[in-house]
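Good morning, colleagues. Please take a moment with the sequence and the structure before I discuss the packing and the charged pairs.

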Amino acid sequence: MEQKGFTLWFTGLSGAGKTTLARLVEAELLARGHKVEVLDGDIIRTNLSKGLGFSKEDRDTNIRRIGFVCNLLTRNGVVAIAAAISPYREVRDELRRDIGSFVEVYVKCPIAVLAERDAKGLYKKALAGELKNFTGVDDPYEAPFAPEMLVETNLETPEASAAQIISRLEELSLVSRAEPQASAMKK
């Protein structure tokens, strides 16, 4: 059976756990024999979107570039996993329309918890006014209205969140249920 591609789009604030979850889901899908590519927002900014700043226009351009690559991968039978803040709802909805097979995962976590987790001290600087245009502090983040999946990373382990995401993908018939020995996830 030929694999059907789809885009799994993780959105949420910086430090919420998007990349961690993307990598856990990637490992599980690879163990099940899927072709998978992860497009991490930080890596894309360094390579594909080098030179873009953090204005609304530049952020939108960055997200549209990630979406373009996801669309190419999806239509070629690959599971494209995007892990990017993607702060603006309108652009995420545009990508959903363009890609078609699009599953949005809102990775939610309160700013107080994110600030505690933040090894680089970016939230502390942003909350003190020393760092400008920081998403969720002095630049907007528009949470999805109806994501296919909501995970709250302050309330559960990354492994539990990833297992819920895989289960939802099974419910949506995007991935088949795993044979017990094929799963990379610990239940």
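I begin in helix α7, where Arg 168 and Glu 171 are three residues apart, and therefore about one helical turn separates them. Please bear in mind throughout that this is a predicted model. The side chains of Arg 168 and Glu 171 meet in a salt bridge, with an N to O distance of 3.2 Å. As for solvent, Arg 168 is partly exposed, its relative accessible area being 24%.

Helix α7 spans residues 158-171, and it also leads us to the interior. It is one of the elements that give two or more residues to the largest nonpolar core. The others are the strands β1 (6-11), β2 (36-40), β3 (79-83), β4 (102-108) and β5 (149-152), together with the helices α1 (18-31) and α6 (122-127). How many residues does this largest core have? It has 32, and those with the most contacts inside it are Leu 8, Phe 10, Val 25, Ile 81, Ile 165 and Leu 169.

Let me take Leu 169 as an example. Once its neighbours within four places in sequence are set aside, Leu 169 is in contact with Phe 6, Leu 8, Val 103, Leu 174 and Val 175. Apart from the largest core lies another one, of 15 residues, which includes Ile 44, Ile 66, Val 78 and Ala 80.

I now return to the charged side chains. The structure holds eleven salt bridges. One of them joins Asp 60 and Lys 56, at 2.7 Å from N to O. These two residues lie four apart in helix α3, which covers residues 56-75, so they are separated by about one helical turn.

Is each partner of this pair buried, exposed or partly exposed? Asp 60 is buried, since its relative accessible area of 9% falls under the 20% limit. Lys 56, by contrast, is partly exposed, at 41%.

A further salt bridge links Arg 96 with Glu 104, the closest N and O atoms being 3.3 Å apart. Here Glu 104 counts as buried, with 4% relative accessibility, whereas Arg 96 is partly exposed, with a relative accessible area of 23%.

Finally, which residues are linked in a network of salt bridges? They are Glu 28, Arg 32, Glu 170 and Arg 177. With that, I conclude the presentation and thank you for your attention.

Terms used:
Residues are numbered from 1 along each chain as its sequence is written. This is a predicted model: local features need pLDDT of at least 70, side-chain atom pairs count only at pLDDT 80 or more; totals for chains, interfaces and linings use all residues. Side-chain values use heavy atoms; hydrogens and water are left out. A nonpolar core is a set of buried Ala, Val, Leu, Ile, Met, Phe, Trp, Tyr and Cys residues joined through side-chain atoms within 4.5 Å. Buried means under 20% relative accessible area, exposed over 50%, partly exposed in between (1.4 Å probe, protein chains only). Contact means heavy atoms within 4.5 Å. A salt bridge is a side-chain nitrogen of Lys or Arg within 4 Å of a carboxyl oxygen of Asp or Glu.
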